[in-house]
Amino acid sequence: MRRFVKDNALSLFFLTAFVLSLVGQSFAGHAAANERQIAEGGTAVSWVEYVTSAEFTVDVAENWQSEYLQFLLFILATVYLVQRGSPESKEPGKEGGESDADQQVGRHAEPDSPPWARNGGLRQGLYGNSLGLAMGGIFLLSWLAQSVTGTASYNADQLAQLQDPVSWGEYVVSADFWNRTLQNWQSEFLAVLSMVALSIYLRQRGSPESKPVGAPHHATGVEG
Amino acid sequence: MSMKIKSMLVAAAALTACLTGCASAEDAPAEDAARQFYAAVQGRDGERACALLAPEAAESLRTGSETCAAAVVGLDLPGGDILGVQVWGDEAQVRMTRDTVFLHRFPKGWLVRGAGCEPRGDLPYDCEVKT
């Protein structure tokens with residue numbers, strides 16, 4: 001048990017942080033929603049009603065989609081684009097999908113390589129892109145969930161303000177949908193830019209996300 | 001397709017349908033409330049009509065010595081046949097041939113918070129009765 005925790009501490013730390021944050025968001029969001037309901041002449045709702053409401057789910061989904069988009073683009077962009085001096089980048093000249101030998105696939109696979117890396121054809125193609133496909137799939141599902149729950153949340157607000165509700169098609173081209181979407185995207189892209197650029201010159205001793213403290217600024221793709 | 005995947009797809013479709021409006025099952029009580037409100041108005045039962053109004057809407061009709069019951073029957077609200085109902089969360093809109101009624105779901109049920117409403121393009125409806 002202790003060994004399991006030690007070997008998976010990073011995942012367990014973020015899983016715990018995620019659950020605590022989501023629960024915290026549900027309580028804070030519930031309190032805020034009830035304050036607004038009462039101020040508008042409505043009635044308070046229970047915590048269970050709130051966490052199953054479109055209002056809560058759209059807030060969750062809009063953040064999820066942007067995080068998964070961030071990682072999807074980071075994974076795909078770093079295949080083809082480099083940043084000299086950044087530990088987040090490959091060395092210049094290695095842009096692209098790289099050779100089978102570099103990627104240890106097909107006849108270059110090691111004895112303990114994943115089976116699908118040893119196979120050729122579709123399975124190797126799928127497995128070779130499985131991280132991007134998973135991130136992309138979760139991004140699209142989260143974005144779809146944002147659009148569906150966003151429509152419901154927006155329409156409840158519209159009716160509360162004595163205005164007509166809109167269809168899903170009208171909502172996905174609305175200012176509300178794109179405001180929610182782009183305000184999340186901009187912060188994710190800024191965070192990635194900061195990570196790529198600041199890690200050229202700044203160090204975090206012991207972190208694999210940083211170059212070793214003594215590594216030169218021009219060293220690329222070196223993780224400490 | 002396995003049963004597990006099939007049942008997951010059905011659940012996802014049901015969730016999507018519910019989140020996009022939770023159609024019919026949720027519509028009926030809101031529609032009934034609008035129908036009962038108009039039945040009371042047309043039967044000139046002001047007390048009954050006011051009991052079906054949201055508290056703030058009923059309050060807004062009380063002016064000087066005039067009671068809500070007297071005011072609501074004096075408004076000559078148009079009503080008509082019900083054309084459609086939309087329920088989103090705790091809010092509902094019932095479209096009628098000559099009126100659009102807005103309702104809110106309270107613990108005791110749906111109550112009218114807007115009636116005698118005229119559309120104004122992108123602006124909120126202009127309602128004779130509103131919260």
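Helices and strands here are DSSP runs, numbered from the N terminus, with at least four residues for a helix and at least two for a strand. With that settled, A:Glu98 can be placed in the loop between α4 and α5 (100–103) of chain A. The model is a predicted one, so everything below is computed from its atoms.

A:Glu98 is a handy place to start. Its phi is positive, at about 70°, although A:Glu98 is not a glycine. In general, most residues other than glycine have a negative phi. A:Glu98 counts as exposed because 12 other C-beta atoms lie within 10 Å, and the cut-off for exposed is 12 or fewer. Chain B has a case of this kind in B:Asp76, where phi is positive at about 60° and the residue is again not a glycine. B:Asp76 sits in the loop between α5 (68–74) and β1 (82–88) of chain B, and its 9 C-beta neighbours inside 10 Å make it exposed. A further positive phi, of about 55°, turns up at A:Leu162, just after α8(A).

That brings us to the helices of chain A. Helix α8 (residues 130–160) of chain A has 31 residues, which at 1.5 Å a residue should span 45 Å; the C-alpha atoms at its ends are 44 Å apart, so expectation and model agree. Helix α10 (residues 175–201) of chain A passes the same kind of check: its 27 residues should span 39 Å, and its end C-alpha atoms are indeed 39 Å apart.

How do α4(A), α8(A) and α10(A) pack against one another? Take α4(A) and α8(A) to begin with. The axes of helix α4 (residues 54–80) of chain A and α8(A) come within 7 Å and cross at roughly 155°. This angle is over 145 degrees, which means that α4(A) is roughly antiparallel to α8(A). The crossing of the two is left-handed.

Next come α8(A) and α10(A), whose axes come within 10 Å and cross at roughly 130°. That angle makes α8(A) oblique to α10(A), and the crossing is right-handed. On the α8(A) side the meeting residues are A:Gln146, A:Ser147, A:Gly150 and A:Tyr154, and across from them in α10(A) are A:Asp176, A:Phe177 and A:Arg180.

The remaining pair, α4(A) and α10(A), packs at an angle of about 40° with the axes 9 Å apart. These two helices are therefore oblique to each other, and they cross in a right-handed sense. Residues of α4(A) making the contact include A:Glu62, A:Ser66, A:Leu69 and A:Phe74, while those of α10(A) include A:Arg180, A:Asn184, A:Trp185 and A:Val192. A:Arg180 thus appears in the contact with α8(A) and in the contact with α4(A). A:Arg180 is also buried, as are A:Phe177 and A:Ser199 in α10(A). The buried residues of α10(A) pack against α4, α8 and α9 (168–171) of chain A.

A different setting is found at A:Gly24, in helix α2 (residues 9–39) of chain A. A:Gly24 is exposed, because 10 other C-beta atoms lie within 10 Å. The C-alpha atom of A:Gly24 is separated by 29 Å from that of A:Gln161, 137 residues away along the chain.

Now for chain B, which has five helices and five strands, following the pattern α-α-α-α-α-β-β-β-β-β along the sequence. Of its 131 residues, 39% are buried. Among contacts between residues at least 6 apart in sequence, 43% join residues at least 24 apart.

The largest nonpolar core has 46 residues, and B:Ala30, B:Ala33, B:Ala34, B:Phe37, B:Leu53, B:Leu103 and B:Val112 have the most contacts inside it. Helix α2 (residues 23–42) of chain B supplies the largest share of this core, seven residues. B:Ala34 touches B:Val94, B:Val101, B:Leu103 and B:Val112, leaving out residues up to four places away in sequence. Apart from this core lies another, of six residues, among them A:Tyr68, A:Leu69, A:Phe139 and A:Trp143.

Finally, is B:Arg105, in strand β3 (residues 100–106) of chain B, buried or exposed? B:Arg105 has 20 C-beta neighbours inside 10 Å and so counts as buried. Beyond its neighbours within four places in sequence, B:Arg105 is in contact with B:Asp90 and B:Trp110. The C-alpha atoms of B:Arg105 and B:Leu123, 18 residues apart along the chain, are separated by 23 Å.

Methods. Residues are numbered from 1 along each chain as its sequence is written. Chains are lettered from A and ligands numbered from 1 in the order in which they are written. This is a predicted model: local features need pLDDT of at least 70, side-chain atom pairs count only at pLDDT 80 or more; totals for chains, interfaces and linings use all residues. A nonpolar core is a set of buried Ala, Val, Leu, Ile, Met, Phe, Trp, Tyr and Cys residues joined through C-beta atoms within 7 Å. Two residues are in contact if their C-beta atoms, placed from the backbone, lie within 7 Å. The expected span of a helix is 1.5 Å times one less than its number of residues. Axes are lines fitted to C-alpha atoms, for helices over the stretch in contact, and angles run from 0 to 180 degrees between N-to-C directions. Angles under 35 degrees count as roughly parallel, over 145 as roughly antiparallel, 65 to 115 as roughly perpendicular and the rest as oblique. A crossing is left-handed if the near helix is turned anticlockwise from the far one by less than a right angle, and right-handed if clockwise.
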